[in-house]
Amino acid sequence: KALQSLNLSWPDAFGLLQAAYFFIRYLFASQTGHVRALFSAFLSCEYKIRCFISRTCCSFQHQYFWCFVFNIHVFGEMPDVFKIGFMMVTINAIICGVAGIFWWNNKLNLPRRELRINSTTMESFALRTLSTTTASSPLSYLSLRRSSSRSLSLPHPSISLYTSPPTVRSLSISSPRLTLRATASSPSSSPEIQNNPQSSPPQPPQGAKLIPLAVSISIGLIVRFLIPRPEQVTPQGWQLLSVFLFTISGLVLGPLPVGAWAFIGLTASIVTRTLPFSTAFAAFTNELIWLIAISFFFARGFIKTGLGDRIATYFVKWLGRSTLGLSYGLVLCETFMGLIMPSTMARAGGVFLPVIKSLSLSAGSRPGDSSSRRLGAFLIQTQLQCAGTSGALLLTSAAQNLLCLKLAREVGVVLSNPWVSWFKAASVPAFASLLCTPLIIYKLYPPELKHTPEAPAAAAKKLERLGPITKNEWIMLGAMAFTVSLWVFGEAIGVSSVVSAMIGLSTLLVLGVINWNDCLSDKSAWDSLTWFAVLIGMAGQLTNLGVVAWMSDCVAKLLQTLSLTWPASFVILQASYLLLHYVFASQTAHAGALYPAFLAMQIAAGVPGVLAALCLAFNNNLSGALAHYSSGPAALYYGAGYVDLKDMFRLGFVMALLQAVIWGSVGSLWWKFLGLY
């Protein structure tokens, strides 16, 4: 209406709207966002004034704008480039606009109305091409250097090419504003390099491991095509079960890294049209998935600031006069760190393993020889066996706890105020286990060194070297305390756990304790986010399609034929779940594969839902020390070289049985008191 009131001809209105559409692009950082926001509105407006070629011009504008942005990134001088860029916009608008109007007028048979063209109204017809020439050989060295000169004039650059036969080429481009040097070498290097076997170490095999890949695919195909589908299960559900088993078998056998294989499983569910794209990726918006990732970022903050190392050193100073007291100090620190550092892997690798190695070496206990039993082996085993208990104590102490909570919700078991409910159920049996475990290992796997009077002195010296608590450490501690407070009391004020974690992480980012590069470089966080989401999504869809209900009904009927009470069924299924961890190399993979099915089985057998869900989650933590591959901390501690493989398996199995007795006896009385059954 505004354009019509100005009584503009369609070429004038067309140029005006195209120019406006182009310059509004400054407000957008994405071509797609620009199109989604404005393309339809501008197009419909121009259609109403009969601008028949506006769609083409709008598309041209997006490509041209990126040429302008490329100049900004290469030269880096924003004010100068904006001037040059604006000048080039005007020049190109005149050239492309004039040429385009005559071309479109001849080819598209535009209505011959009043045609007035000038540099202002035709700035929108900006089209500029950028030609990029790429060398045939891959660049092995590239350096960009910008001088400090701020002159707007751009002298012609000097270009020189140096060639040293037969394979090395270098290109140098220099000017007062930009210096570019590139060297490239072809695959056939000099004879000296070719004849030197040490210069080209053998490359690891690329791609998936063939035998695990073949087995995983075979399992999926057998379930899909050879095993008859039960009548209670829909074709879609049965096909999803085959994809799920294909994914789980790959996670166990390991043809590819966990995240990569989970992505392949996700792709298979979409390619086979088992799940639509939106449904397959729906779990990536799940709150608990992001809470897991943010937990890894918090752990990185503790490692980066050195606060975790400082806290561990304080506990050694206070309780380290004897070997047993030293182990209790480290275990107590592990428990406390579980409150503020929500990742067992990060606690093991970032805090306790360096501390234990330092203490052991100072006591003459070295890995890989007979002196390992002097101190290091005992501390390693104690810390590993207590890591599972500390992980089970709090909902946020281990990443797999959050996964179990989400999977339980998919089955239909929902905990009210989950952080508090979890801690109440785990507190008494966990503290009993933490009190007993170091003493039990002290008897089963005794250290040769019984007293460590030098440990507190060494810790005091280390604290002196660390100096007073830094500002970043105080900020880290305050942010974590605030976040934990929101985890505990947030439900009462309507703040969920993930929002609490987001607030804490945002605080650390704003205050500079950690930066976004720290988050981006945490591969474990993004890897966990990916494959957690895939497993949760598939498990949720298996529940929605009735597959989990069918499996639980089958087990319930079997247990009924055996005439077992629910406590007996509970013990059998919990023991089976624990021992099945021997075929898993990850606690999270174990939970993702078996937790929903075992929870549904126990509910079908009459076990109270909340009790079954919590005990399976506790069980999942306690299974992390069964073997050297059972969990991330187990692999780290075994890799330190202090404990033999046979001792890992022997102590892992014995301690798993003793932990089951402690948690079963103490826990059953406590859970009865809480009214869980």
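Here, two residues touch, or are in contact, when they have heavy atoms within 4.5 Å of each other. Keep that in mind for the close-ups below, which all come from a predicted model.

**View 1. Phe-618 and its neighbours in the nonpolar core.** Leaving aside residues up to four places away in sequence, Phe-618 touches Ala-392, Trp-422, Ala-425, Ala-426, Trp-663 and Trp-671. Phe-618 shares a distinction with Tyr-595: out of the 139 residues in the largest nonpolar core, these two touch the most other members. Helix α22 is the top contributor to this core, giving 11 residues. There's also a second, separate core of 8 residues, with Leu-17, Tyr-21, Leu-38 and Phe-39 among them.

**View 2. Helix α8 crossing helix α22.** Two packed helices are described by the angle between their axes and the distance between the axes. For α8 (residues 235-253) and α22 (residues 523-544), the axes come within 10 Å and cross at roughly 150 degrees. Since angles over 145 degrees count as roughly antiparallel, that's what α8 is relative to α22. The crossing itself is left-handed. On the α8 side, the contact is made by Gly-237, Leu-240, Leu-241, Val-243, Phe-244, Thr-247, Ile-248 and Leu-251, while α22 brings Trp-531, Leu-535, Met-538, Gln-541 and Leu-542. Sort those residues by class and you get 10 nonpolar, 3 polar and no charged ones.

**View 3. Asn-619, tucked into helix α26.** Asn-619 is found in α26, which covers residues 609-622. Its relative accessible area is 9%, and buried means under 20%, so Asn-619 counts as buried. Skipping residues up to four places away in sequence, Asn-619 touches Gln-574, Tyr-577 and Leu-578. Look for Gln-659 as well: Asn-619 and Gln-659 are 40 residues apart in sequence, yet their C-alpha atoms are 9.4 Å apart in space.

**View 4. Ala-605 in the loop before α26.** Ala-605 lies in the loop that links α25 (587-604) to α26. Loop or not, Ala-605 is buried, with a relative accessible area of 17%. Again not counting residues up to four places away in sequence, Ala-605 touches Leu-559, Trp-566 and Ser-569. Phe-570 is worth finding too: Ala-605 and Phe-570 are 35 residues apart along the chain, and 8.0 Å separates their C-alpha atoms.

Conventions. Residues numbered from 1 in each chain as written. Predicted model: local features only at pLDDT ≥ 70, side-chain atom pairs only at ≥ 80, totals over all residues. Heavy atoms only, no water. Axes fitted to C-alpha atoms, helices over the stretch in contact; angles between N-to-C directions. Helix = DSSP H or I, 4+ residues; strand = E, 2+ residues; numbered from the N terminus. Parallel < 35°, antiparallel > 145°, perpendicular 65-115°, else oblique. Left-handed = near helix turned anticlockwise from the far one by under 90°. Nonpolar A, V, L, I, M, F, W, Y, C, P; charged D, E, K, R; others polar. Core = buried A, V, L, I, M, F, W, Y, C linked by side-chain atoms within 4.5 Å. Buried < 20%, exposed > 50% of the residue type's maximum accessible area, 1.4 Å probe, protein only.
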